[in-house]
Amino acid sequence: MPEGDTVWNTARVLQRALAGARLTGSDFRVPRLAATDLTGWTVRESASRGKHLLLRLADTDGTPWTLHSHLRMDGAWRAYAPGERWAARPAHLIRVVLRSPGAVAVGYHLHELALVPTGEEESLVGHLGPDLLGADWDPDEAVRRLTAYPDLSIGEALLDQRNLAGVGNLYKCEVLFLRGLSPWTPVRAVPDLAGTVTLAQRLLAANRGRWTQSTTGVLRRGGTSYVYGRRAQPCRRCGTAIRKEELGDRVTYWCPLCQPERE
């Protein structure tokens, strides 16, 4: 599932494939943009903000626009060479196709797809907290936002993109294990919030530029995580069986011995 580092990597793929190119065609397969034609538009840059992808364009008059997409749980962009078979996902999941002389970018199962003047980007992403992989990363601001909801569980608070942008379920589970925190611990009971958000940023930053996400330092299959995806398997620290339960609208993994509850 896409997390902040995955979206960052995706933005870099589109940057390499399309930046500076003049589009030779476009095909939007969502009702609100079905009649939109970007032929002749120039791709200025591809950027990410948390889990949001921002493809910045200039129309034929030079006016700046932004094509915004959210990958959520199942969205993806792929770049293909002209004439290459689009094999990443079934065709019925395609939401947009952008063609250029050197590459074809295909967006699968994208959410919140919108085309807006670049000056209005903040209407789509302005609510987000500091981006863990962005130039605006500010751990003090992230802590300030987290402490505004002291009774919320730390597991839910880390997933709220209004607090800090980029943490998904994998990093939530792994950060809390490494910090020895139960996912159900209230924010007010977390002894070092600054250390928690700083660790989250370090883990995402360590995985930039690669598609295999690892929090353990191990890249081989089955060794990349401490608790995430390891229900009933022994904890790598104490041997206790890892548990899996729902927290809010997401599942969470944790070690009941290494992550005692706090009140």
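**Exercise 1. State which residues of helix α5 are buried, and describe what they pack against.**

Solution. In α5, the buried residues are N169, L170, Y171, K172, C173, E174, V175, L176 and F177, where buried means under 20% relative accessible area, exposed over 50%, and partly exposed in between, computed with a 1.4 Å probe on protein chains only. The model is a predicted one, in which local features need pLDDT of at least 70 and side-chain atom pairs count only at pLDDT 80 or more, whereas totals for chains, interfaces and linings use all residues. Residues are numbered from 1 along each chain as its sequence is written, and side-chain values use heavy atoms, with hydrogens and water left out.

The next step is to turn the list into a statement about the helix: because nine of the 10 residues of α5 are buried, α5 is largely enclosed by the rest of the structure. Helices (H or I, at least four residues) and strands (E, at least two) are DSSP runs, numbered from the N terminus. The last step is to find the partners, and the buried residues of α5 pack against α1, α4, α6, β9 (243-247) and β10 (250-254). Just after α5, G180 takes a positive phi of about 70°.

**Exercise 2. Place N163 in the chain and describe its surroundings.**

Solution. Begin with the position: N163 lies in the loop between α4 (154-159) and α5 (169-178). Then consider accessibility, where N163 counts as buried because its relative accessibility is 3%. Next come the contacts, meaning heavy atoms within 4.5 Å: leaving aside neighbours within four places in sequence, N163 touches G129, P130, A142, R145, L146, Y149 and A157. One of these residues, A157, has its backbone oxygen 3.0 Å from a polar atom of the N163 side chain. This fits the rule for a polar contact, which is a pair of N or O atoms within 3.5 Å; within protein, one must be able to donate a hydrogen and the other to accept it, and residues adjacent in sequence count only if both atoms are side-chain atoms.

**Exercise 3. Work out the order of the strands in the open sheet, and follow V97 to its bridge partners.**

Solution. Start with the whole sheet, which is open and has four strands in the order β1-β6-β7-β5, with antiparallel pairing; two strands pair if DSSP finds at least two bridges between them. The edge strands are β1 and β5 (76-80), each of which pairs on one side only. On average, neighbouring strands of this sheet are turned by 15° against each other, direction ignored. Helix α1 (residues 4-18) packs on the sheet and touches β5, β6 and β7, and the direction of α1 makes about 30° with that of β5. For such values, axes are lines fitted to C-alpha atoms, for helices over the stretch in contact, and angles run from 0 to 180 degrees between N-to-C directions.

Now turn to β6 (residues 94-99), which is largely enclosed by the rest of the structure because five of its six residues are buried. Strand β1 (residues 25-28) pairs with β6 in the antiparallel sense over four bridges, and in this pairing D27 stands opposite V97. Five bridges join β6 to the antiparallel strand β7 (residues 104-108), where the bridge partner of V97 is V106 and that of R99 is V104. A hairpin of four residues joins β6 to β7.

**Exercise 4. Describe the salt bridges of D27, D151 and D160, and the accessibility of these residues.**

Solution. A salt bridge is a side-chain nitrogen of Lys or Arg within 4 Å of a carboxyl oxygen of Asp or Glu, and by this rule the count comes to 11. In one of them, the side chains of D27 and R29 meet at 2.9 Å, N to O; D27 counts as partly exposed because its relative accessibility is 30%, and R29, at 38%, also counts as partly exposed.

D151 forms a salt bridge with R188, with the closest N and O atoms 2.9 Å apart. This pair links distant parts of the chain, since D151 is in the loop between α3 (139-147) and α4 while R188 is in the loop between α5 and α6 (193-206), 37 residues apart. D151 is exposed, with a relative accessible area of 61%.

In the bridge between D160 and R162 the distance is 2.7 Å, N to O; D160 counts as buried at 16% relative accessibility, whereas R162 counts as partly exposed at 46%.
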